[in-house]
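The following paragraphs lead the reader through a structure, with attention to its aromatic rings and its disulfides. Please keep the sequence and the model in view while reading.

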Amino acid sequence: QLQLVESGGDLVQPGGSLRLSCAASGFTLNNYVIGWFRQAPGKEREGVSCISRSGPNTNYADSVKGRFTISRSNAENTVYLQMNNLKPEDTAVYYCAAYSFWPCSGMNYRGKGTLVTVSS
């Protein structure tokens with residue numbers, strides 16, 4: 001079965017950190033551009049970050065630049081999103097997805113999401 005599974009979402013205080021994981025089963029993540037996007041209640045989907053197949057190219061939404069870092073471990077078939085200095089406006093369900101094209105277009109697979117809540 002081909003799937004992506006996100007994990008690592010949690011309740012965290014403002015200023016805190018979380019690391020999200022996106023693990024693939026049934027296919028090799030290295031064959032795809034991988035991205036994270038998020039959706040908060042009542043808001044439109046927002047692309048957060050994208051990483052190229054080989055890893056050297058990354059991009060970020062302006063809202064998370066300097067605070068979030070995307071990385072990939074091909075050995076673990078996993079992509080990570082390190083989130084630092086979290087803000088209440090980062091509260092959302094975070095999804096990872098596998099794309100055919102850079103930067104993050106032509107979605108092939110997506111996970112079911114993991115909830116991040118930033119609140120004191």
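Tyrosine 95 has a relative accessibility of 14% in this predicted model, and it counts as buried because the cut-off for that class is under 20%. Phenylalanine 37 is likewise buried, at 3% relative accessibility. The structure as a whole contains four aromatic pairs. In one of them, the ring centres of phenylalanine 37 and tyrosine 95 are 5.1 Å apart and the planes meet at 15 degrees, so this pair is stacked. Because phenylalanine 37 belongs to strand β4 (residues 33-39) and tyrosine 95 to strand β9 (residues 92-101), the pair ties together parts that are 58 residues apart in sequence. Tyrosine 95 also has a charged neighbour: arginine 110 lies over the face of its ring, 4.6 Å from the ring centre.

A further pair is formed by phenylalanine 27 and tyrosine 32. Their ring centres are 5.5 Å apart, and their planes stand at 85 degrees, so the arrangement is edge-to-face. Both phenylalanine 27 and tyrosine 32 are buried. Ring pairs join these two residues with Tyr109 in a cluster. Elsewhere, tyrosine 80 has the charged end of arginine 19 over its ring, at 4.1 Å from the centre.

Covalent links come next. A disulfide is a covalent bond between the sulfur atoms of two cysteines. How many disulfides does the structure hold? There are two, and they follow the pattern 1-3, 2-4 when bonded cysteines are counted along the chain.

One disulfide connects cysteine 22 with cysteine 96, with an S to S distance of 2.1 Å. The torsion about its S-S bond is about 70 degrees, so this disulfide is right-handed. Cysteine 22 is in strand β3 (residues 18-25) and cysteine 96 in strand β9, so that the bond links distant parts of the chain, 74 residues apart. Cysteine 22 is buried, with a relative accessible area of 0%, and cysteine 96 also counts as buried, at 0%.

The other disulfide is formed by cysteine 50 and cysteine 104, whose sulfur atoms are 2.0 Å apart. With 105 degrees about the S-S bond, the link between cysteine 50 and cysteine 104 is right-handed. Cysteine 50 lies in strand β5 (residues 46-51), while cysteine 104 lies in the loop between β9 and β10 (105-110), so the pair ties together parts 54 residues apart in sequence. Cysteine 50 is buried, at a relative accessible area of 2%.

Methods: Residues numbered from 1 in each chain as written. Predicted model: local features only at pLDDT ≥ 70, side-chain atom pairs only at ≥ 80, totals over all residues. Heavy atoms only, no water. Phe/Tyr/Trp six-rings, centres within 6.5 Å; stacked < 30°, edge-to-face > 60°. Buried < 20%, exposed > 50% of the residue type's maximum accessible area, 1.4 Å probe, protein only. Helix = DSSP H or I, 4+ residues; strand = E, 2+ residues; numbered from the N terminus. Lys NZ or Arg CZ within 6 Å of the ring centre and 35° of its normal. Disulfide = S-S within 2.5 Å.
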